[in-house]
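Reader: Please take a close look at the sheets of chain A and describe how their strands pair and which helices pack on them. A plain account is enough.

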Amino acid sequence: MSELLKIDGLTKAYPGVVANDDVSFEIAEGEVHALLGENGAGKSTLVKMIYGLVKPDSGQMTLGGAPYHPAEPKAARASGVAMVFQHFSLFDALTVAENITLGMENAPHRRELSERIREVSNAYKLPLDPNRIIGDLSVGERQRVEIIRCLLQNPKLLIMDEPTSVLTPQEVEVLFETLHTLSDEGTAILYISHKLEEIKTLCDHATILRHGQVVGECVPKEQTARKMAEMMVGASLHTPVKKNLHPGEVILNVQGLSLASKNPFGTTLKDINVTVRAGEVLGIGGVAGNGQDELLLALSGETASPRQMVQVNGVDVGDLNPNERRELGLLTAPEERLGHAAAPDMTLTENAMLTGNIRQRLSSNGFLRWNAARGFAKAIIEQFDVRTPSSENTARSLSGGNLQKFVIGREVLQDPTVLVVNQPTWGVDAAAAADIRQALMDLAEGGAAVVIISQDLDELREVSDRLAILNEGQLTKPAETADLSMDDIGLMMGGHMGDGSDNTTQEAAHV
Amino acid sequence: MFRLEARPQPSKLWIGISPILAVLATMVAGGFLFAALGKDPFISIRMIFWDPLFGEFASYYRGQLLTKAGPLILIALGLSIGFRAGIWNIGAEGQYIMGALCGAAIGLAMYPLDAWYIFPLMVLGGALGGWAWAMIPAILRNRFGTNEILVSLMLVYVAEKILAAAALGLLKNPEGRGFPGSRNLANWASSANPDLIAGTGMHWGVVAAFIAVIGSYVLMQRHLIGFQINLTGQSPRAAMFAGVVPAKVVAFTLGLSGALAGLAGLFEVTGPAGQISIDFGSGYGFTAIIVAFLGRLNPFGILLAGLLLALTYIGGNVAEQEGLPAAAIQAFQGMLLFFLLAFDLLSNFRIRLAHSSVSKKEAV
């Protein structure tokens, strides 16, 4: 195989941080090359430079032997470099073909384009109807749109940023088949991920970044996942320890919860039945957009339901507002840190006040006790190792992982009876993620009922006692996590309702 | 070429100095405007900013300062609380008029009774009138999702029509020999709102403005309602998560700003204006928008900004007597808001040269 892209000494500095420091590596034609690293290691900056979105401060790139310095993504695409982003840029209200046309220079006629979309999608086993509306597609299908958009340009190098974070295990297999086909045809793939097992199965070669520098290279098939993780983190990892628990009384009881989404592209919750006992961690898996946000809103009280549909300690809370639920010990941490769980431009003290007011008694007669709020914020910062100069810094100024530790810590320290978290470790580095998982498990051990909604199946298998899957607004019957294989979970995610096919109308009381 | 780059945190320095830069830039641009009108720019600027305070007739103008600043501050405080929540009440002028009309109507209904409780009742009526007028956009927004900017603005023109009708009909002075306009409220002891200390311009409306400065500081900094208002403006979804009901914030902030504007109107009609007349609306409700932003939506900033804008009103009168058109002063006030918003950009963004080298970038 001959060399396709050569990166030599790329450096990019932002005020206060060197995102990439003298990064060099090579990708051969047809090679699947992994770029490994924690959040903030500099992977995104590096691929943005390759894709022409960011201009390097110094360093050279050559593509197929010729100097390569794309000034903008258009130039990168013209040179045969394409990229599938982690966050899709698709318009929900337009069709597949219309979306693809929007991203193209010299788009062909609609009919001709639809024909080509069909051709490419069949050739690479990515079935897709050009006339469907994006809003109706699953996340996996949306990703196909982005991939096909790239493949229509016959790229020499395809960059994929965390492509599997939104897919079911079965969809991942389909994607990998497509990538193998591409690689056999000579297309090089630069694959960004922190999921080590899939890198082991897919990639020929890996470059590992830490703090903007290349800290190692390896052939993933010859390494253990643990070894690669330690190279990524630069320290030995501790895995959260799970103790054998004896769950107590039923604390959270969700009975036939059905709710229409307020958002036209949202998911309607259909007859959700589940109970969580004291001392238990319930994991809720499933691909994003299958009702996770709606379920969290229904539990937090941001959307009200008929009162008996949600019960805490036998008390009907379905029609209570968020603060009334907090009073009863039902606390939540939504997925979106900035703008939902925390107000971006407010200080950490103000953000501590945001949910802490009720249980921490941070106000009296409506007058705010700012000193008490500051004390609470400082307690969170200290106990959850939040790295910030002070409690008076804005939420926005914190890194994703630090803010997530603050958001989770804020709820955990309020001594909840029930804690529901959505995506607790999304975009959080491995060390912080381990701390957060440990804190959630400790909380359950202390007698709280904990619900973790996550798309990270490895995480759910690690921390949850029982696991259920949310699929198109329906929740499967929870099963003991230990009894489930990855294949079982995959089938549940694909719409099969767990063990036995006839339990769409499960008995609510089943535990 | 230049390009803008978002700052990680808003710059405290720029937030502080942008009002001052805006005033200076307005003086420069205003100077060009006056020069284009054939006036000496330096003399014109001096006439607006210096003469009212330190010129030949300063002793007369100084009293005017508080009289003009009082309603501006009172209205701007109410607006600023709504603006913090992202609720844009642009119709304070209408609420000011309706407050004055309601309060005046209550007083005139009891004419010529001599009783201590008439003025307090009129004050209450003024606040209620402004509140009710502001509740129209609030209810329409909460029930039907209308845009409060458009509705409140349109209601200004409705209020002006009602004002004209009242001045020509319902509230017309029966002893006024057919001239439009109500009885003079300032000349009737039960409803008069005179200077508390003669010649200072310090009437009850100015006292109310000072109390409102303290009150809104406490509300916004120390009280849960203020926190919820701030939160709604910063991040509506986080506010819902914190248990805030958006409809209540809309009703509270619009209602409060309407009530304060109504109060300002009542104090004006019983004091400096003296009567309901067709041209009672003086633009305070619109100028107060500039005051609110120039004061950084901060109560003490609004106090200072109110005094500054009052100065341009008085200075404008001086300049008008010297032959500058009244419209030039309005353009001048508009420029102030324009420059303020322009400089405000720099508190959230920094300007960079697009094609500079690494070392240059580090120096910005």
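Author: Strand β1 (residues 3-14) of chain A pairs with β2(A) in the antiparallel sense over eight bridges; two strands count as paired if DSSP finds at least two bridges between them. Helices (H or I, at least four residues) and strands (E, at least two) are DSSP runs, numbered from the N terminus. One bridge partner can be named: L5(A) is matched in β2(A) by I27(A). Helix α1 (residues 43-50) of chain A packs on this sheet and touches β1, β2 and β4 (58-63) of chain A, where contact means heavy atoms within 4.5 Å. The direction of α1(A) makes about 120° with that of β1(A); axes are lines fitted to C-alpha atoms, for helices over the stretch in contact, and angles run from 0 to 180 degrees between N-to-C directions.

The sheet as a whole is open, with four strands in the order β2-β1-β4-β5 (chain A) and antiparallel pairing. Its edges are β2 (17-28) and β5 (66-67) of chain A, each of which pairs on one side only.

This is a predicted model, in which local features need pLDDT of at least 70, side-chain atom pairs count only at pLDDT 80 or more, and totals for chains, interfaces and linings use all residues. Residues are numbered from 1 along each chain as its sequence is written, chains are lettered from A and ligands numbered from 1 in the order in which they are written, and side-chain values use heavy atoms, with hydrogens and water left out.

Chain A also has an open sheet of six strands, ordered β6-β7-β8-β3-β9-β10, and here the pairing is mixed. β6 (81-84) and β10 (213-218) of chain A are the edge strands, each pairing on one side only. From one strand to the next, the twist averages 20°. Within this sheet, β3 (residues 32-36) of chain A runs parallel to β8 (residues 188-193) of chain A, and five bridges join the two. In β8(A), I189(A) is the bridge partner of V32(A). Helix α6 (residues 169-184) of chain A packs on the sheet and touches β3, β7 and β8 of chain A. The direction of α6(A) makes about 145° with that of β8(A). Another helix, α5 (residues 139-151) of chain A, lies across β6 and β7 (157-161) of chain A and runs at about 175° to β6(A).
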